Protein chains: 4
Amino acid sequence: MNKVRVAIVGASGYSGEELVRLLLDHPQADLTTVTSRQYAGRTVAQVFPRFAHRPRARALVFREPDVAQMAAEAEVIFLALPHGVAAEFARPLLAANRVVIDLSADFRLRDPAVYEEFYGHTHPAPELLGQAVYGLPELHREAIRRARLIASPGCYPTSILLPLVPLLRAGLIEPDGIVVNSLSGVSGAGRKAESEYLFCECAESLRAYGVPKHRHLSEIEQELSLAAGQRVRIQFTPHLVPVRRGILTTIVARPRNGLGTAAGLFVLTGRIQQCYQAWYGSEPFVRVLDDKTLPDTKNVVGTNVCEIGWRLDTRTGHLVVISAEDNLLKGASGQAVQSMNLVCGFPETTGLG
Amino acid sequence: MNKVRVAIVGASGYSGEELVRLLLDHPQADLTTVTSRQYAGRTVAQVFPRFAHRPRARALVFREPDVAQMAAEAEVIFLALPHGVAAEFARPLLAANRVVIDLSADFRLRDPAVYEEFYGHTHPAPELLGQAVYGLPELHREAIRRARLIASPGCYPTSILLPLVPLLRAGLIEPDGIVVNSLSGVSGAGRKAESEYLFCECAESLRAYGVPKHRHLSEIEQELSLAAGQRVRIQFTPHLVPVRRGILTTIVARPRNGLGTAAGLFVLTGRIQQCYQAWYGSEPFVRVLDDKTLPDTKNVVGTNVCEIGWRLDTRTGHLVVISAEDNLLKGASGQAVQSMNLVCGFPETTGLG
Amino acid sequence: MNKVRVAIVGASGYSGEELVRLLLDHPQADLTTVTSRQYAGRTVAQVFPRFAHRPRARALVFREPDVAQMAAEAEVIFLALPHGVAAEFARPLLAANRVVIDLSADFRLRDPAVYEEFYGHTHPAPELLGQAVYGLPELHREAIRRARLIASPGCYPTSILLPLVPLLRAGLIEPDGIVVNSLSGVSGAGRKAESEYLFCECAESLRAYGVPKHRHLSEIEQELSLAAGQRVRIQFTPHLVPVRRGILTTIVARPRNGLGTAAGLFVLTGRIQQCYQAWYGSEPFVRVLDDKTLPDTKNVVGTNVCEIGWRLDTRTGHLVVISAEDNLLKGASGQAVQSMNLVCGFPETTGLG
Amino acid sequence: MNKVRVAIVGASGYSGEELVRLLLDHPQADLTTVTSRQYAGRTVAQVFPRFAHRPRARALVFREPDVAQMAAEAEVIFLALPHGVAAEFARPLLAANRVVIDLSADFRLRDPAVYEEFYGHTHPAPELLGQAVYGLPELHREAIRRARLIASPGCYPTSILLPLVPLLRAGLIEPDGIVVNSLSGVSGAGRKAESEYLFCECAESLRAYGVPKHRHLSEIEQELSLAAGQRVRIQFTPHLVPVRRGILTTIVARPRNGLGTAAGLFVLTGRIQQCYQAWYGSEPFVRVLDDKTLPDTKNVVGTNVCEIGWRLDTRTGHLVVISAEDNLLKGASGQAVQSMNLVCGFPETTGLG
């Protein structure tokens, strides 16, 4: 089988670096082009020394981004750019019949008004929103296979949607009053040289941020509302904690019919198990834990897996669901490659360990 | 003024170590006795090398615990022992007319049945519960001044009660449906040589634990119920994160009368400000932050201060309150010394920076 | 090509865990057997949750070690056992014509008297020492190809021998007066539940240990002496620093003929470059850096690569050489798999990224 | 006794922050002035939230630096400025008869030509070098008492000079061939927002830097040469390791008369013990460890203490000496306050725990 030729635009951040790694090692992909204004002219090995033992990394040179060249050299183009910038590359690449997998927020929202509300500027390419597919394979697999423009979700949304969507679709939890707390590793802030992300400001520091209205809420609530069939608003508090990679998300929700009696508890437990089993029992990258273990980011970092654990609290009648993922893999680049595998017809786990 | 002679029973853990430090440096206290079965015969300087430049640490020798000797050598005795063990020291020391400040859970609950439910054995000294005072000075200052038996609260309870009690007392929030997430540094697990607390198991790891029924819930809900004037149950999820010290607690609660209109929001904001100002405006160890900053454990570690920040979320109508403290100081030993200052008639901040 | 069937004895520590990972993913190996007294009866997925998304990890069950069974089920057996224990497995497995790759120190020393001096007990199988090959492929590749008993070197020796042996063989440095400082991540201490390796004792801690006579000196000096053609003794100080994985080694040595003049410096620089180029220019797992960069463990952790950087100090006339490796991969399990590839006739980089 | 009025110029970095903390708490000092171009107009509590519970921190406002004002408001002025800038403040303040304690490198070197060699520009005030005293109290206590201009040493020099100077003065070690490796916490790099000091670039990273000619070598070798009575050059390799604070230095030196026989070893051991005892037996801030323990930065961080441990290696005949200190306290601000205590006639340990 011929390999697919791929390009990465804006491969200088942490997600871009992981994407380079995955695509260098991908048995069905040929990474022909990487661009970065900052690194143009340097080899991948020089910019990311940890890849320097791969011959391809020593040969591949960062370029200035050039749409015509990319369209000539790649069938699939990954955009690892800030929001607002991705659209200007997506438009001509789509016009040239290329597949675009965008890791920014530009094509994740269906409603350009919501985009404007959360991102503070008008949407740069509203005419493309109709063809964009939200790139969470466990939720939209078939649409991804047929898509030309894939809006790969962010790290918080993935960690929240994977545990919640099945429960909302099955009507097992109330769609209102959901409380979500997430802990994120510092790589989630990107490779920006800002003093708040210095080692001495992060090690031995625990802090919430972005309270109360984080930008990713827009896509989270869009997808939750679709799943619930009604408008959903959640209470979401992200925290910065001193790990390099990983997100742990803890969700509190109310079961739809309460726990009531011991019999009710028994029934509900069974339904949640069945629900997750039906959704994720055959998924290669979602691992629903048994009742003896809880998710731990150290068990998913470096993999494309999202762990999900849950408990019914008989004291309070609440359901507690916890998920863990690698923010740079299942929360970014691994997921994007998973979508590429789908769109290219490769086995979904190819090149993802 | 004469110094008060003090003793520490069981000074080998992290809280005990901090207590030793605080009392060695306390200008009104004379640390006459430290006991530890494990370290008997060794000097404080040998056991805790970081104190070795203090002459007193080189002279003071750990002993086997001996109640008669302690009663002879100290007016105030701190118990830094596991729950279930503290009571056997408290009884004779109280009989000998000594002041006992207990850092374990043994005297924090008013109802021995609740103790048995949460700790799994009958209460070892139920006859003493009536005279025990819950040692959170910001809530029970006058009772602490008159107490002989002070049950100094744990780290999670302090981080949850300080932000919530004023709001419940003032009727500003609904007492039901409160969701609490806490992040704890690893010293909260003590100095136990268990593999789950090894460096390689904790660094780069984020995990919840004790879901859904943590032992400290018993004292937290006891005090919240007192404040609310009705039974309160909270949804509490503790997490272990890779810092040495510090607890960050994030609380979601519903304002009692909702936010309703912009005018309602304005009124509620003012009431919460006034409430916290009235409770904590003059407190030396509680710092209510303005609307530009959020708590960060690195700003309280090493101090006896609890930081509190809050936001009204106009999207959801929820109140989000966040607190930060040093689990070994305001969450343990600093708080115990604060109580000692009260019971001895010293200025409350003496020896606490 | 038929896969080789492999077994791991004692796969419960950090090196064993990495070995399991490498062999589960190895395209030419079939991991048929893993043993562990502690974990017998549990699946690999249960013991190491991070592998649980691999179907083979959910199927493979830890067993009690049984030599006859291993000999029946595997052609190559890895021993990841404490020193002194490995020999009792090696003897019958070799008798059964199996290939044994031992990660302990049992077969690294040629002289059983040196073993006794450094390890404190008589050698358990001195009759096997004659056939053991020191498993550092960059130094003993051809012997490894033909070996039945491979003594895979430890993490410190690898980080010291790779930079020093070429220089000694070429006569470019004086064999005496070499000073070596190494920094090791905490996984080097293994998964022992000892208080000195607790998170709170390691984070924010820097310390030397094992001064002045670390056990690994015996194999280091054996190999350096072979390279130099004379007895070599080095000054070696290992340090424990708060990273999970990685070793950084800094070596100071005197060039054999001094730097003398600027011309001498120029000549010496060229000779060192040529020496390393000749030795490592084609090596897939040794990366000699240019004069603008220095080794950093974060660029090798997760890989089987050893980075080497060097500088001539014109002020002092000394040569400073620095190496970085992942202590669990090039310093343990990756290297063992590299030897397996050689002994099995696979391309040397197979399964090693 | 009247308090001394003190000012800090350039109090925005990590050392400055620690200096603010020490002087706010100092019982004999009245911190009247803090300057920072970046923070002018903001209170100390706003800039450093961890001090916000101190009333003085809420009242004291950062100002633009103004020499006349400082001279009017303070008897002792601390300069926490980059090298090259300190001199322009020192000159007028000395002219105004103030005591200047400079934490930069500007006045540490006696020879302006060495300054120019290592710092790359001509010395900004060579006429002041004659009156500057190198502010290491354990070495130059009497001169510091009488000084008006104190050049407080940096973190690496302190960690190297305290262990080495007594041995060189006593003629116990050879002055040539000394090899020094230091490990530094990231705060040593200051609060610069540079990508190489981001959390994700430092956590799980070990690296050497500044090889082979670190700027601090100039003052280190100046003081070592003075102690030895001859020109001393050392081989010094600094490393960056993921702790916030702390320096660990490992030194290898050759005893002057070798170890020769067991008797020689016995004699040498006694002489080193006596040497350190004579120098440091009464020093409040130097702790020479016994032969069972080795220095650990976690035992000195937060204190003004330098720990020293040593071993004679009977295999190699070398002496290994290890020191640990807090780079921001004994390596910077604590030491500066120690000098202030001397110059003001306060007990030397005042305000230093």
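## Two copies, one axis

A turn of 180 degrees, with a shift of 0.0 Å along the axis, lays chain A on chain B at an RMSD of 0.0 Å (least-squares superposition on C-alpha atoms of residues with pLDDT of at least 70 in both copies). This is the relation of a two-fold axis. The same surface serves both copies, as 100% of the contact residues of chain A recur in chain B. A:Pro242 comes closest to the rotation axis of the residues of chain A, its C-alpha at 3.3 Å.

The model is predicted: local features need pLDDT of at least 70, side-chain atom pairs count only at pLDDT 80 or more, and totals for chains, interfaces and linings use all residues. Residues are numbered from 1 along each chain as its sequence is written, and chains are lettered from A and ligands numbered from 1 in the order in which they are written.

### The contact

Chain A gives 37 residues to the contact and chain B gives 37 residues (contact: C-beta atoms, placed from the backbone, within 7 Å). The following strands of chain A (DSSP E runs of at least two residues, numbered from the N terminus) each supply at least two residues of the side that touches chain B.

| Strand of chain A | Residues |
|---|---|
| S7 | 179-184 |
| S8 | 207-208 |
| S9 | 235-240 |
| S10 | 247-253 |
| S12 | 306-313 |
| S13 | 318-325 |

### Helix H5 of chain B

Helix H5 (DSSP H or I run of at least four residues) spans residues 86-95 of chain B. B:Ala86, B:Ala87, B:Phe89, B:Ala90 and B:Leu93 are buried there (20 or more other C-beta atoms, placed from the backbone, within 10 Å of the residue's own). These buried residues fall within an arc of 160 degrees seen down the axis of H5(B), so they line one face of the helix (arc: directions from the helix axis to the C-beta atoms). Their cover includes helix H4 (67-73) and strand S1 (4-9) of chain B. Just after H5(B), B:Asn97 takes a positive phi of about 70 degrees.

How values were computed
Two residues are in contact if their C-beta atoms, placed from the backbone, lie within 7 Å. A residue is buried if 20 or more other C-beta atoms lie within 10 Å of its own, exposed if 12 or fewer, and partly exposed in between; C-beta atoms are placed from the backbone.
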